[in-house]
Amino acid sequence: MQGLLFSLILIFPLAGFLINAYRWDSKKGQLSGTIASAAAFGSFISAVILLLPFLFQEVSERSISLHFFSWFEVAAVSVPFGFVLDSLSGIMTLVITGVGTLIHIFSMSYMSHDLRPAKYFAYLNFFLFNMLILVLADNLLLTFVGWEGVGLCSYLLIGFWFSDVQKAKAGMKAFIVNRIGDAGFLLGIFGLFSIFGSLNYADISIAAASSSVETWGVLSLACLFVFIGATGKSAQIPLFVWLPDAMAGPTPVSALIHAATMVTSGIYLIVRLSSVFILVPSVLHIIAVVGVITMLLAASIALTQKDIKKVLAYSTVSQLGYMFIAVGVGAFSVAMFHLITHAVFKALLFLGAGSVIHSMQGEQDMNKMGGLKKYMPITYLTFLMGWLAIIGTPFFSGFFSKDEILFYGFASPLGHPLLWVLSVVGAGLTAFYMTRLVSLTFWGKEKFNPSIKPHEGDKRITVPLIILAVFSVFVGFISVPHLISENLLGHIPNFLNNALSLIAPNIKIIPMSEAKEALLMLTSVLVAGLMATLAFVMYIKKPSWPAKLSKQYFRLHQLLLSKYSVDEYYYKIIIKPLGSIAQSLSDMDKLFIDDITFKLSNFVQRLGAGFCALQNGKLQSYAFYFILGLGVIVGCFFIT
């Protein structure tokens, strides 16, 4: 029975993909959406039934394996087509299928006017199937299959409206940037196999348990390559540039792929290999530094963006930076905690933005919105829940997970007070740009075109928003820190940490007094509150201030508005030189190699034609050649 249910988790989205792919040119969007949504929901229900017994089992017993066949065997290497459902992959499965189902339902309304609904839902189901392969695989090679599969689906969905050149380019950009990271991941797989002699996660974990910590060596290099792969999928420096442009795809795609699932693959991979990464603290330091720089860079860019989806995109990059900070200081389960809360509230925010864009007839510029709360009360109220969660309002989901990261950044042996300070700055920036987004969109004066009549979407839009809003409030309670849980009667402190203790353990922290811990928590809340208030004053009470400040600090404002010109630098330093080299090689190929080949073949062809002329089958010609040759021989005889 377990094997059947386990198989159904994978079979449902695969079946949905095949059915909609078979009828790819169908215009029946309602039918296509129903098939795809039912497939996602079926997978979710199968996962819930399988995972419910976990609540009553010992942590060490929470694992179900499924082996279909031996994929290939070469010498002593055997790679099974096998999967494992444990606490870690189980959480990811629930996020993927649960949030994925809501986004499928939302898409039924959002994409109702599209000309190719069957193709869209086929891609969406295929993405779900590959994402499940990625997280459920019991070995690195099968994970890589899912890893590449979600990359392909991302490319197809970002460029879904490919008749628009910019959207097609965005899909291509995501595909190419991710290939750079994938090359790193592949090298990491080779490195880990050469060290541990296996690709199976369980085997690697057992072997790592008996290995010693190293400063720099082969293992560090292998882990560094795996991290490079993670920077590609999870949009970290220097490979973060594809994610903001990926907003060219349909908004539900942004919610599913670029907020809740695919972009968290890098975090999941490192957490899955946490038993190895904990042996290389030097690599963890690099991860933490990359995470904090990415977090601050993306958050600062989000301060000035006008496009509502771009703000959320940079916010996603920033929040992923927080997760890498957690991983970098050895708080693996805390990273997973923020991954879960972020998946819920960011999916809510993206879908809320989609509801706004749908209502505003495709308008995405926040400066052309304002005052939407009275036209779209459900979208507004649910969006507020997401806003309160992401800015870290006490007792909302984002508060618990972000505060845990800040705490470990300060208290972990791999952390540093400066890391905590910078993380608090990031929390303040998050509160500012998210409050700015809410102010420009829902509060203040109406600035949209009078011909637009904003309205609430149908139930396929509002119901997913309401469900995600509820979870945005309460999902954080799965891992309430001990400081607060002591006052919540009956609540298990750090429940998630305990559930993941065998797969994603947290590093042992330096003991700290509760007063000091409370002071750290209070400081971050106050900073976020002050920055949110400042944004409210600037964009609602004193709307002239932003323009004055942008004039006063013109260069800084332009620097943020241009997104630090990272794309331009990449073009100037990497793409243009590579393009010139490619053009030179192409010219060399055309003008030199092709030319020589052509002339050589032409010469051989003419030579062959000349010899052919000697054997033309005419008796007169042969007689002439005979007499000519005889004359030459006689002439030579007389000369000599």
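1. Largest cavity, main contributor. Helix 17 supplies 4 residues to the lining of the largest cavity, the most of any element. Helix 17 spans 397-411. Helix 22 also supplies at least two residues of that lining. Note that this is a predicted model.

2. Largest cavity, volume and lining. The space inside comes to about 70 Å³. The lining consists of Ile391, Gly392, Phe399, Lys402, Asp403, Leu406, Ala427, Ser524, Val525 and Ala528. By class, this lining has 6 nonpolar, 2 polar and 2 charged residues.

3. Second largest cavity. Its volume is about 40 Å³. Asp403, Leu406, Phe407, Trp420, Glu517, Leu520, Met521 and Ser524 line this cavity. Helix 17 and helix 22 are the elements that give two or more residues to the lining. Which helix gives the most here? Helix 22 does, with 4 residues. The classes are 5 nonpolar, 1 polar and 2 charged.

4. Reading the cavities together. How many cavities of 30 Å³ or more does a search of the whole structure find? The search finds 2. Asp403, Leu406 and Ser524 appear in the lining of the largest cavity, and Asp403, Leu406 and Ser524 also appear in the lining of the second largest cavity.

5. Largest pocket, volume and centre. The largest pocket holds about 960 Å³ of space. Its lining has 31 residues. Which of them lie nearest the centre? They are Ile91, Leu94, Val95, Phe471 and Ile478.

6. Largest pocket, elements and classes. Five helices give two or more residues to this lining: helix 2 (29-51), helix 3 (87-110), helix 15 (332-359), helix 19 (459-474) and helix 21 (495-499). Helix 3 has the largest share, 11 residues. The lining divides into 24 nonpolar, 5 polar and 2 charged residues.

7. Second largest pocket. The volume here is about 800 Å³. The lining counts 28 residues. Nearest the centre lie Arg436, Met538, Tyr539, Pro546 and Ala547. At least two lining residues each come from helix 18 (417-442), helix 22 (514-541), helix 23 (545-552) and helix 24 (554-561). By class, the lining has 18 nonpolar, 6 polar and 4 charged residues. Helix 22 thus turns up at this pocket, at the largest cavity and at the second largest cavity.

8. Loop between helix 8 and helix 9, the cis bond. Where is the cis peptide bond? It joins Ile237 and Pro238, with omega about 10°. Pro238 sits in the loop between helix 8 (218-233) and helix 9 (242-245). For context, most peptide bonds are trans.

9. The same loop, positive phi. Ala235 also lies in the loop between helix 8 and helix 9. Phi of Ala235 is near 50°, a positive value in a residue other than glycine. Most residues other than glycine have a negative phi. Is Ala235 buried or exposed? Ala235 is buried, because its relative accessibility is 0% and the cut-off is under 20%.

10. Loop between helix 24 and helix 25. Tyr564 is placed in this loop, ahead of helix 25 (566-614). Phi of Tyr564 is near 60°, again positive in a residue other than glycine. Tyr564 has a relative accessible area of 24%, so it counts as partly exposed. That value falls between the 20% and 50% limits.

11. Cysteines. How many disulfides does the structure hold? The count is 0. Cys153 has 1% relative accessibility and therefore counts as buried. Cys636 has 41% relative accessibility, so Cys636 counts as partly exposed.

12. Chain as a whole. The chain has 26 helices and 2 strands. Along its principal axes, the C-alpha trace spans about 125 × 65 × 50 Å. The chain has 640 residues, and 53% of them count as buried.

13. Contacts and surface. Take the contacts with a separation of 6 or more: residues 24 or more positions apart account for 80% of them. The accessible surface comes to about 27900 Å². Carbon and sulfur atoms hold 71% of that surface.

Note on methods. Residues numbered from 1 in each chain as written. Predicted model: local features only at pLDDT ≥ 70, side-chain atom pairs only at ≥ 80, totals over all residues. Heavy atoms only, no water. Disulfide = S-S within 2.5 Å. Buried < 20%, exposed > 50% of the residue type's maximum accessible area, 1.4 Å probe, protein only. 1 Å grid on protein atoms, 1.4 Å probe; cavity = no way out; pocket = protein on both sides within 12 Å on 5 of 7 lines; lining within 4 Å. Points joined across faces, edges and corners; volume = space filled by probe spheres on them. Nonpolar A, V, L, I, M, F, W, Y, C, P; charged D, E, K, R; others polar. Contact = heavy atoms within 4.5 Å. Areas by Shrake-Rupley, 256 points an atom, 1.4 Å probe, with all protein chains shown as cover.
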